[in-house]
Amino acid sequence: DGCGHTVLGPESGTLASINYPQTSPNSTVCEWEIRVKPGQRVQLKFGDFDIDDSDSCHSSYLRVHNGIGPTRTEIGKYCGFGFQMDGLITSKSNEVTVQFMSGIHTSGRGFLAAYSTTDKSDLITWLANASHFSEPEFNKYCPAGCVIPFADISGTIPHGYRDSSSLCMAGVHAGVVSNALGGQINVVISKGIPYYEGSLANNVTSKVGPLSTSLFTFKTSGCYGTLGMESGVIPDSQITASSILEWSYQTGQVNIWKPENARLKRVGPPWAAFISDEHQWLQIDLNKEKRITGIITTGSTLAEYYYYVSAYRILYSDDAQKWRVYREPGTDKDKIFQGNTELYQEVRNNFIPPIIARFFRINPLKWHQKIAMKVELLGCQFSIGRAPKITLPLSMSQNKNDDKNDDFSDDFMHSVKTSLQTDKTTFTPEIKNTTVTPSVTKDVALAAVLVPVLVMVFTTLILILVCAWHWRNRKKKSEGTYDLPYWDRAGWWKGMKQFLPTKSAEHEETPVRYSSSEISHLRPREVPTMLQTESAEYAQPLVGGIVGTLHQRSTFKPEEGKEASYADLDPYNSPIQEVYHAYAEPLPITGPEYATPIIMDMSSHPSTPLGVPSISTFKAAGNQVPPLIGTYNKLLSRTDSASSAQALYDTPKGQLGPGATDELVYQVPQSVAHSTGNTEE
């Protein structure tokens, strides 16, 4: 009386203690005898083990034996709370005995185990879920008996199952493996979705599930396309039934629920039988043999007619004369398929192994109020390449009336058909168990990361280039008409010196800055008072005859439309054109020919040592440039003393009055010490 959930298949199975996963009752015992094909061995895997060990495995334990009966030998005796048994227990023969003994205890769930033949090296139990594996794709073997009443799964195909769902139970729900046989599953892990739908399929109810980080689905052969009921590929003439529900309204209108109405998702009434008993059927002619892998059913889908079929059998035939009932391999009982539990929900059942037949018949066994249903068949085309020549035994051909021989012949022919090559359907499948391969998933995920990054990088570069171009245009507009771009100036480093620590007064050059904007707003004689002693954009001019080249310290600012040079005509002798330089005021026509001296307030600067002449600002005689002595100069300051009224310039040589026409030659202005005694009025 200690046996719990038990399914013993020909190659695999599942067994558990009574009341698992709740506490097992006291003083119970159960013994399982497992047999597989001769020549094979049995391997046992524990998914959960929790047996009281307070008395050192004396009264509560699990014992595994090689063989069955009195000749069996013990492999091991196990007990313990939360006992972890990662490895497999392997037998020496094709028979194993598992014995569970439960004594007096207060806690302990008991155990849950799975078994298979030793050629299934990747055996798992129904407790395994996708979160237990890190690989994006893997193969596992699910034992028979994976459908456990207390287990939950979320999701459906083709969208996938939540990662917390049991792999094997989801495989049964998807129709990949059979609960009675078990089988191999190919699992693919993908990114989770926000919502998982629930459905009923293969006697497994999938519940609605919330968001998860990952999901899994299965890879299959792909033979799950619709065979033409919904699409109309199967004509009405190929859909027949045992009887048809027909009645008339009071208005005289006749309502007929014909067999051709039994198309899934077709708007309107379904097919309904006139008499509701176990002898009714709905038959579909596929026109030729097809590989049928599943069926989907609904009820009437009409709220005012709450009709549906809750259980049915499946029969199939090649000639519509001799019918066979679908049975699972290794059993002698007809398989009863679970139908609908209400009139709207679609319920799917898969055939493992698939049915190879032309004629397909549904035989309702249980229903609600009346037999009414809509259906769709799943599968693919079945083509025979070169059918092998089948020769029956002589005794079989002679005893045609022998029922056993006829049954053997039918089974043999069916096995031959199932072993032949199949092709995929040409129709677009609605139910798929396939998904993208992990490599494609990785590429998609990588592309999803790289594409936005590259777009952001290129966008940033474009913005930088646009900003640089805009800044350069603004810089050009802010520069004067005669100014060169900042990066094109040869002496740009000099402009930066003003931000560096100043040098000593003896070695610091103090050029003159001329502000053309201020000069243009002042009267002619107010210009000298506005000249400043800040760092200038142009150094003091060095004029001496005709100079062939313009060196770095040239102070001439070229006029618009013409490049100024030292080879131009003397601006003071040209009667046709007057050339104005930005650094000096032009001489009035009626005024004296002496240039206005540059007077600066140098009270904050030390005086220039005597004997060091300043750089001349006057044109010398001839084309020879006067020699320059020293690199730096200091301008004299105007004072309010009596000597300040005296001119700082000598009389031009060779000229007695202002009316001379010969070329004028000016000497260098004298220093303060010399000017007091040598200057002329």
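These are my notebook entries on a few places I looked up in this structure.

**Entry 1, the whole chain.** I noted to begin with that the model is a predicted one. I then looked up the overall make-up and found eight helices and 27 strands in the protein chain. Of its 681 residues, 39% are buried, and the accessible surface comes to about 38300 Å², with 55% of that area belonging to carbon and sulfur atoms. I also looked at contacts between residues at least 6 apart in sequence, and 75% of these join residues at least 24 apart.

**Entry 2, Cys3.** I went next to Cys3, which has its place in strand β1, a strand that covers residues 3-8. I wanted to know whether Cys3 is buried or exposed. With a relative accessible area of 39%, Cys3 is partly exposed, because that value falls between the 20% limit for buried residues and the 50% limit for exposed ones. Setting aside neighbours within four places in sequence, I listed the contacts of Cys3 as Ala16, Ser17, Ile18, Val29, Cys30, Glu31 and Trp32. I also looked up Tyr20, which is 17 residues from Cys3 along the chain, and found 9.7 Å between the C-alpha atoms of the two.

**Entry 3, an open sheet.** I followed four strands that form an open sheet, in the order β3-β8-β5-β6 and with antiparallel pairing. Strands β3 (28-35) and β6 (73-78) stand at the edges and have a single partner strand each, so one side of each lacks a neighbour in the sheet. From one strand to the next, the twist averages 15°. I then turned to the pair β5 (residues 61-66) and β8 (residues 95-102), which run antiparallel and are joined by six bridges. Which residue of β8 is the bridge partner of Tyr61? I found that the partner is Met101.

**Entry 4, helix α1.** How many residues of helix α1 (residues 167-174) are buried? I found that eight of its eight residues are, and the helix is thus mostly covered. Among the buried residues I noted Leu167, Met169, Val172 and His173. Just after α1 comes Gly175, for which I wrote down a positive phi of about 85°.

**Entry 5, a nonpolar patch.** My last stop was a nonpolar surface patch of about 730 Å², made by Val449, Leu450, Val453, Leu454, Val457, Phe458, Leu461 and Ile464. I looked up Phe458 in particular, which lies in helix α4 (residues 438-478). Phe458 counts as exposed because its relative accessibility, 52%, is over 50%.

Technical notes:
Residues are numbered from 1 along each chain as its sequence is written. This is a predicted model: local features need pLDDT of at least 70, side-chain atom pairs count only at pLDDT 80 or more; totals for chains, interfaces and linings use all residues. Side-chain values use heavy atoms; hydrogens and water are left out. Buried means under 20% relative accessible area, exposed over 50%, partly exposed in between (1.4 Å probe, protein chains only). Contact means heavy atoms within 4.5 Å. Two strands pair if DSSP finds at least two bridges between them. Axes are lines fitted to C-alpha atoms, for helices over the stretch in contact, and angles run from 0 to 180 degrees between N-to-C directions. Patches are made of residues with over 30% relative accessible area and no salt bridge: like charges are joined within 9 Å, nonpolar side chains (Val, Leu, Ile, Met, Phe, Trp, Tyr) within 5 Å. Accessible areas come from the Shrake-Rupley method with a 1.4 Å probe; for residues, only the protein chains shown count as cover. A salt bridge is a side-chain nitrogen of Lys or Arg within 4 Å of a carboxyl oxygen of Asp or Glu.
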